[in-house]
Amino acid sequence: MPEPLLDRIALAVAVLLVLWWVAGRQWNRHRAVQLARVAREAMATLGGDVTLRALGGGTSGFIMEVGRPGPGIRSAQMLCLLEPRDFPLAWAWTRWRGRRDQFILKIEATASLRPARLEGRSGPAGGFGLRRLVLAATQAQSPHVQVSFGVGPGEESDIPRAVQLAAGLARGELQLAARGQDSA
């Protein structure tokens, strides 16, 4: 292959990657705003003064905290990590493995909770209505409640469901089944 052709191919790949990076960052910024609106409304049900901090200039995710928690809750924090849409190889790899925008919700309750956990149940029936539940756990030490889940396009309604689940667990209104030592 002649050198000028290789140079053109290299230039075309470089331009394509830069365009993908710019478009991916814009896409993530738009997605962060969309998810933050839903998450802020859901977190407001836990108390007042919900604050938001962007991660990576608003293209990697965000952290929300409740400043004045309601009854039964000492503190609440939600972390959202967006898919790496601005890096095509990483994005393709994580999508292939089933990862979507990830949320981790941690609540410190005013009372100690009984340890229990529910892991990796997909489907609304197995995961308290959450389509991509990774983990729902309660424990005696802080954070007392942790709910980790993914949100794909059109699944934004899972965010308030996860917040309701975590609040119910923290306040003792809901309980996860205690798990013994299974082989599965």
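Which residue stands opposite Ile104 in β7? Ser148 does, and we'll get back to that pair in the strand views. One thing to keep in mind throughout is that this is a predicted model.

**Figure 1. The whole chain, with its three helices and seven strands.** Start here to get your bearings. Reading from the N terminus, the elements go α-β-β-β-α-β-β-β-β-α. The C-alpha trace spans about 70 × 45 × 25 Å along its principal axes. Of the 184 residues, 39% count as buried. The accessible surface adds up to about 10300 Å², and carbon and sulfur atoms make up 59% of that. As for contacts with a separation of 6 or more, 57% are between residues 24 or more positions apart.

**Figure 2. Strand β7 and its partner β4.** Strand β7 covers residues 145-151 and is mostly covered, with six of its seven residues buried. It pairs with β4 in the antiparallel sense, over seven bridges. This is where the opening pair sits: Ile104 opposite Ser148 of β7. If you're tracing side chains here, remember that in a regular strand they alternate between the two faces of the sheet.

**Figure 3. The β6-β7 hairpin.** β7 also pairs with strand β6 (residues 133-138), again antiparallel, this time through five bridges. Six residues sit between the two strands of this hairpin. For a landmark, find Thr138, which stands opposite Val145 in β7.

**Figure 4. Arg25 and Asp86, a salt bridge between a helix and a loop.** The closest N and O atoms of Asp86 and Arg25 are 3.9 Å apart. Arg25 belongs to helix α1 (residues 3-43) and Asp86 to the loop between β3 (73-81) and α2 (88-96), so the bridge ties together parts that are 61 residues apart in sequence. Is Asp86 buried or exposed? Asp86 is buried, because its relative accessible area is 17%, under the 20% cut-off. Arg25 comes out at 21%, so it counts as partly exposed.

**Figure 5. Thr59 and what it touches, Arg25 included.** Stay with Arg25 and look for Thr59, in the loop between β1 (47-55) and β2 (61-69). Thr59 is buried, with a relative accessible area of 3%. Its side chain makes a polar contact with the side chain of Arg25 at 3.2 Å. The Thr59 side chain also reaches the backbone oxygen of Gly56, at 2.8 Å. Set aside the neighbours within four places in sequence, and Thr59 is in contact with Arg25, Asn28, Arg29 and Leu82.

**Figure 6. Arg74 and Glu108, a salt bridge from strand to strand.** The closest N and O atoms in this pair are 3.2 Å apart. Arg74 is in strand β3 and Glu108 in strand β4 (residues 101-109), so the bridge links parts that are 34 residues apart in sequence. Arg74 counts as partly exposed, at 45% relative accessibility.

**Figure 7. Arg95, Glu83 and their salt-bridge network.** Arg95 and Glu83 form a salt bridge, with their closest N and O atoms 3.2 Å apart. Arg95 is in helix α2 and Glu83 in the loop between β3 and α2, so the pair ties together parts that are twelve residues apart in sequence. How do the two compare for exposure? Glu83 is buried, at a relative accessible area of 0%, whereas Arg95 is partly exposed at 31%. Now widen the view: Arg31, Glu83, Arg85, Arg95, Asp101 and Glu156 are linked in a network of salt bridges. For the model overall, the salt-bridge count is 13.

**Figure 8. Arg171, in the segment after α3.** Helix α3 covers 158-170, and Arg171 is in the segment after it. Which residue's backbone oxygen lies 2.8 Å from a polar atom of the Arg171 side chain? That residue is Pro71. The two are 100 residues apart in sequence, yet their C-alpha atoms are 7.7 Å apart in space. Leaving aside neighbours within four places in sequence, Arg171 is in contact with Thr45, Leu46, Pro71, Gly72 and Ile73. Its relative accessibility is 31%, so Arg171 counts as partly exposed.

Methods: Residues numbered from 1 in each chain as written. Predicted model: local features only at pLDDT ≥ 70, side-chain atom pairs only at ≥ 80, totals over all residues. Heavy atoms only, no water. Helix = DSSP H or I, 4+ residues; strand = E, 2+ residues; numbered from the N terminus. Buried < 20%, exposed > 50% of the residue type's maximum accessible area, 1.4 Å probe, protein only. Contact = heavy atoms within 4.5 Å. Polar contact = N/O pair within 3.5 Å; in protein donor to acceptor, adjacent residues only side chain to side chain. Salt bridge = Lys/Arg side-chain N within 4 Å of Asp/Glu carboxyl O. Pairing = 2+ DSSP bridges. Areas by Shrake-Rupley, 256 points an atom, 1.4 Å probe, with all protein chains shown as cover.
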